[in-house]
Amino acid sequence: MANMIQKKVDMSINRKDLRKLVKKHKQEADVLRKLYLIQLLYDGKTVEKASELMDVSLSTGHRWLDEWNEGGYEGLYPKYKNGGRKAKLTDEQFKKLDELMHKETFLTTRKVHEMIQENFNVGYSMKQVREIVHKLEYSYKKGYVIPSKMPADAPITLKKTKNI
């Protein structure tokens, strides 16, 4: 195997889209595992033997069988729509926060945290505030210095012009 050339991966889609595809198909792979267990049961295996072959616990095998018996193929899909806890802010409040943030200049995470506390009376951790800022599609940029002696019309007077 020495001196073999490593093949390069074609990165035709970005990592974020790839993660979304993997997440989408992971659910389908879970359903496929359940279908394999049901197929083993169709072939005459016991729930205990089928669970052992599928490398799942006996209680999981029984739960998958119950899901199949109660809902058929559709019953094998997960019951949750989206995981996690519900947001403390409603969609309207997120829109209002976005408008408030858009009006402000030189925002920091601490400033956004204070805005949420003052306007909506909701307490978030600083980590969650960073995630909210990211969700609202704001990006972080390094601050820059504005000289105190800079004239008000500096961009116009200091603009480079072409000499013809």
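Just after helix α1, Gly44 takes a positive phi of about 100 degrees. This is a predicted model, and the chain averages a pLDDT of 83, with 89% of the residues scoring at least 70. Confidence varies along the chain: among its elements, helix α2 (residues 47–53) has the highest mean pLDDT, 93, and helix α7 (residues 154–157) the lowest, 75.

The helix that precedes Gly44 covers residues 15–42. Its 28 residues, at 1.5 Å a residue, should span 40 Å, and the end C-alpha atoms of α1 are 40 Å apart, so the expected and modelled lengths agree.

Several residues of α1 are buried: Val31, Lys34, Leu37, Ile38, Leu40 and Leu41. An α-helix has 3.6 residues a turn, so residues three or four places apart point the same way. The buried residues of α1 pack against two helices, α2 and α3 (58–75).

The packing of α1 with α3 can be described further. Their axes lie 10 Å apart and meet at an angle of about 90 degrees. Angles of 65 to 115 degrees count as roughly perpendicular, which means that α1 is roughly perpendicular to α3. On the α1 side, the contact is made by Val31, Arg33, Lys34, Leu35, Leu37, Ile38, Leu41 and Tyr42. On the α3 side, Gly61, Trp64, Leu65, Glu67, Trp68 and Tyr73 take part. By class, this contact has 10 nonpolar residues, 1 polar and 3 charged. Lys34 is one of the α1 residues in the contact, and Lys34 is also buried.

Conventions:
Residues are numbered from 1 along each chain as its sequence is written. This is a predicted model: local features need pLDDT of at least 70, side-chain atom pairs count only at pLDDT 80 or more; totals for chains, interfaces and linings use all residues. Side-chain values use heavy atoms; hydrogens and water are left out. pLDDT is the predictor's confidence in each residue, from 0 to 100. Helices (H or I, at least four residues) and strands (E, at least two) are DSSP runs, numbered from the N terminus. The expected span of a helix is 1.5 Å times one less than its number of residues. Buried means under 20% relative accessible area, exposed over 50%, partly exposed in between (1.4 Å probe, protein chains only). Contact means heavy atoms within 4.5 Å. Axes are lines fitted to C-alpha atoms, for helices over the stretch in contact, and angles run from 0 to 180 degrees between N-to-C directions. Angles under 35 degrees count as roughly parallel, over 145 as roughly antiparallel, 65 to 115 as roughly perpendicular and the rest as oblique. Ala, Val, Leu, Ile, Met, Phe, Trp, Tyr, Cys and Pro count as nonpolar, Asp, Glu, Lys and Arg as charged, and the others, Gly among them, as polar.
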